[in-house]
Amino acid sequence: MKRVEVGRLGSPYGLGGAIKFHGEPVVAELERVYIEGLGYRAIEEAYYLGEEIVLELVGVGTVEAARALSGRAVLADPEELPELEEGRFYYFQLVGLPVLVNGEPVGEVIDVDDAGAQDVLVVRIGSKRHLIPLQAPYVRASATRIEVEPIPGLLE
């Protein structure tokens, strides 16, 4: 299975090569990550600075080295991600699932957007893209499909 993006590296923090991370908090539980264009780097330490996560990566020991990584995607191997509780899914697990209305397939999830207050499924139905709030009570996700109750105007 291919690697999945869990976030991006931000600005350096301090003078020792630490770097801010923007993305999934699950990164703090990983032993290593794949840095876009560079390969795997072990995580020496991951900690919170207020609401932000700061990473210390093996081999990144200066502010200049951290600055050179700023903006790069951080990826992980799916099999290295921690197990989620039943009924919860990583975004990449939802992409490609069929979307059903009244038990009939109508489209496919092509992306999941973190829209701030609520995650949104991006669903392709024919040649059109529709946005469906993932946490809405009329949306039920499983490992094999997304079931949506027909709400007027939602898929029109």
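Which helix and which strands each supply at least two residues of the lining of the largest pocket? In this predicted model, that part is played by helix 2 (91-94) together with strand 1 (4-13), strand 8 (104-114) and strand 11 (139-141). The volume of the largest pocket is about 1000 Å³. Its lining comprises 31 residues, and those that lie nearest the centre of the pocket are Glu-24, Phe-89, Tyr-90, Tyr-91 and Asp-119. By residue class, the lining of the largest pocket consists of 17 nonpolar, nine charged and five polar residues.

The second largest pocket has a volume of about 210 Å³. Among the residues that line this second pocket are Pro-78, Glu-79, Leu-81, Pro-82, Glu-83 and Leu-84. The lining also includes Arg-88, Phe-89, Tyr-90, Phe-92, Gln-93 and Ala-143. Eight of the lining residues of the second largest pocket are nonpolar, three are charged and one is polar. Phe-89 and Tyr-90 therefore appear in both descriptions, since they lie nearest the centre of the largest pocket and also line the second largest pocket.

The strands were examined next. Strands of a sheet pair through backbone hydrogen bonds, and the pairing may be either parallel or antiparallel. In this model, six strands close into a barrel, with antiparallel pairing, in the order 1-2-5-4-3-6. From one strand to the next, the twist averages 45°. Strand 1, a member of the barrel, also supplies at least two residues of the lining of the largest pocket.

Within the barrel order, strand 5 stands between strand 2 and strand 4. Strand 2 (residues 18-23) and strand 5 (residues 52-57) run antiparallel and are joined by three bridges. Two of the residue pairs may be named: Ile-19 has Leu-55 of strand 5 as its bridge partner, and Phe-21 has Ile-53 of strand 5. On the other side of strand 5 in the barrel order is strand 4. Strand 4 (residues 39-49) also runs antiparallel to strand 5, and six bridges join the two. Here the bridge partner of Glu-45 is Glu-56 in strand 5.

Strand 4 and strand 5 form a hairpin with two residues between the strands. In this hairpin, Gly-50 takes a positive phi near 65°.

Terms used. Residues are numbered from 1 along each chain as its sequence is written. This is a predicted model: local features need pLDDT of at least 70, side-chain atom pairs count only at pLDDT 80 or more; totals for chains, interfaces and linings use all residues. Side-chain values use heavy atoms; hydrogens and water are left out. On a 1 Å grid over the protein atoms alone, a cavity is a set of points where a 1.4 Å probe fits but cannot get out, and a pocket is an open set with protein on both sides within 12 Å along at least five of seven lines; lining residues have an atom within 4 Å of a point. Grid points are joined across faces, edges and corners, and a volume is the space filled by probe spheres set on the points. Helices (H or I, at least four residues) and strands (E, at least two) are DSSP runs, numbered from the N terminus. Ala, Val, Leu, Ile, Met, Phe, Trp, Tyr, Cys and Pro count as nonpolar, Asp, Glu, Lys and Arg as charged, and the others, Gly among them, as polar. Two strands pair if DSSP finds at least two bridges between them. Axes are lines fitted to C-alpha atoms, for helices over the stretch in contact, and angles run from 0 to 180 degrees between N-to-C directions.
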